[in-house]
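Student: I would like to take a close look at one part of this model, and I would be glad of a connected explanation.

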Number of protein chains: 4
Amino acid sequence: MGRLVRFSVSIDERLIEGFDALWRKRRYENRSEAIRDAIRQQLVAQEWADDEQVAGVITLLYDHHRPGLADMITDLQHHSLSYVIATTHIHLDGDNCLELIAVKGDAGGIRALADRLISLKGVKHGGLTATSTGERIV
Amino acid sequence: MGRLVRFSVSIDERLIEGFDALWRKRRYENRSEAIRDAIRQQLVAQEWADDEQVAGVITLLYDHHRPGLADMITDLQHHSLSYVIATTHIHLDGDNCLELIAVKGDAGGIRALADRLISLKGVKHGGLTATSTGERIV
Amino acid sequence: MGRLVRFSVSIDERLIEGFDALWRKRRYENRSEAIRDAIRQQLVAQEWADDEQVAGVITLLYDHHRPGLADMITDLQHHSLSYVIATTHIHLDGDNCLELIAVKGDAGGIRALADRLISLKGVKHGGLTATSTGERIV
Amino acid sequence: MGRLVRFSVSIDERLIEGFDALWRKRRYENRSEAIRDAIRQQLVAQEWADDEQVAGVITLLYDHHRPGLADMITDLQHHSLSYVIATTHIHLDGDNCLELIAVKGDAGGIRALADRLISLKGVKHGGLTATSTGERIV
């Protein structure tokens, strides 16, 4: 934790009443934490837009009966070791696997790796969740 | 304008420095206005999620040479008069038209009207911009 | 219209049944049109990602009682004449105005103009709808 | 794998040329696979919109020095055992943890659990990746 500072915001009474109802509904503990989270979300989006060092999760849904696919997914990760931190593999049912690949690196390189994995034949659906290394987002 | 109130937020010094750089880059006049805009964005998104009375813009890109299409687009708007406020038609080039339809009403009804217009054969691309009537967003 | 070609797609029966239910619900006339629209959406997104010449709509919700704001919004548009095609102004109620600004030009310049307008004090909410000039999207 | 069927799409030559360039850039093996992926993306989005049984990943970035936070995150997962499949915890650096929670269940319940976790004080950033159980997405 760095030094805590305090700043004040002037706002129309009706606007803050609407916001108070919203953060209570989302179960925030108090208004300050809801404001800080809104600020952090904008900063994380900016890190990705500026192609900075970020963290993220690549999610793959695939059919493990497809010959060679699991090997290919593993191979691609081994060729991208500088990005891949850890992988979790989940057996959803007899056919479907969900693979979660935690990644860290430049935003552009992560996007390219995600595209490469998601476009593989047999990968039914994929996604990339953008988050931060947390180094600048305190 | 309603009554102005003032509230304070405690925050890590490094987090607010990052946010200050961000709103300056986006040309906000000051930090309070950037915070208010972040609050308003969340409230507008919630109005749409809660299917409240909202405003929006349906955008259609289409080829005006397609027989019957312009008439169909006009007909559909006339059958949805309770939603449609005004329409602007722009001739982008010899083939392409851009039509902007300002709408107001329940979020679900607006979405259905947008789906109906965007799915018309000859409409190349369409979008729905979600905004607010401004009644609760001050 | 250019030359029409025809291509075929092999697909699992259950996948195409799910898609047929989806495009019927969205009121598409037939499967081909739903497929073409999915293709066009990806091409429009790519035009924006590649910073090509595109079209779009900037939407502003603002309080017209704010002194100087309407003049500032008009001024900014006059200083961006190369982008602005046409503007529609709608009186939502006694306080709230909805302004629709149709724009054309490079994606980056359009984004910067939108940021500049949306960050103005008194603009309650704003959005940028991305579409295409339609020149490459047929 | 179910029975394979084949259908054909008529399309303007320039539109399919644009799409061919796009899927090659994204490293798809062939056009059919790119079309199938576009179809699957729409079906997964619809599963979430219809509040069906889906799968997903909740991603949390948090500071493990915050007293009680890791326990709270674990407790909440234990109280949502019907949703949580598996959790992966990654130490990003001396302060920051990345936690990946694979979940399965009704879309509404998953969203509520994600909101609850993301709003916790000390969770810096969070996200929910929407994917499918793969049962209807083949």
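At what angle do helix 1 of chain C and helix 2 of chain D pack, and how far apart are their axes?

Tutor: In this predicted model, helix 1 of chain C, which covers residues 13–25, packs against helix 2 of chain D, residues 31–49, at an angle of about 60 degrees, and the two axes lie 10 Å apart. Angles from 65 to 115 degrees would count as roughly perpendicular and those under 35 as roughly parallel, so helix 1 of chain C is oblique to helix 2 of chain D. The crossing in which helix 1 of chain C passes helix 2 of chain D is left-handed. On the side of chain C, the contact is made by L15(C), G18(C), F19(C) and L22(C) of helix 1, while helix 2 of chain D contributes R36(D), I39(D), Q42(D), L43(D) and Q46(D). Sorted by class, this contact between helix 1 of chain C and helix 2 of chain D has 5 nonpolar, 3 polar and 1 charged residues.

Staying with chain C, one can also look at the loop between its helix 2 (31–49) and strand 2 (53–63), which is where D51(C) is placed. Although D51(C) is not a glycine, its phi is positive, at about 55 degrees. With 13 other C-beta atoms within 10 Å, D51(C) is partly exposed, because a residue counts as exposed at 12 or fewer such atoms and as buried at 20 or more.

Note on methods. Residues are numbered from 1 along each chain as its sequence is written. Chains are lettered from A and ligands numbered from 1 in the order in which they are written. This is a predicted model: local features need pLDDT of at least 70, side-chain atom pairs count only at pLDDT 80 or more; totals for chains, interfaces and linings use all residues. Axes are lines fitted to C-alpha atoms, for helices over the stretch in contact, and angles run from 0 to 180 degrees between N-to-C directions. Helices (H or I, at least four residues) and strands (E, at least two) are DSSP runs, numbered from the N terminus. Angles under 35 degrees count as roughly parallel, over 145 as roughly antiparallel, 65 to 115 as roughly perpendicular and the rest as oblique. A crossing is left-handed if the near helix is turned anticlockwise from the far one by less than a right angle, and right-handed if clockwise. Two residues are in contact if their C-beta atoms, placed from the backbone, lie within 7 Å. Ala, Val, Leu, Ile, Met, Phe, Trp, Tyr, Cys and Pro count as nonpolar, Asp, Glu, Lys and Arg as charged, and the others, Gly among them, as polar.
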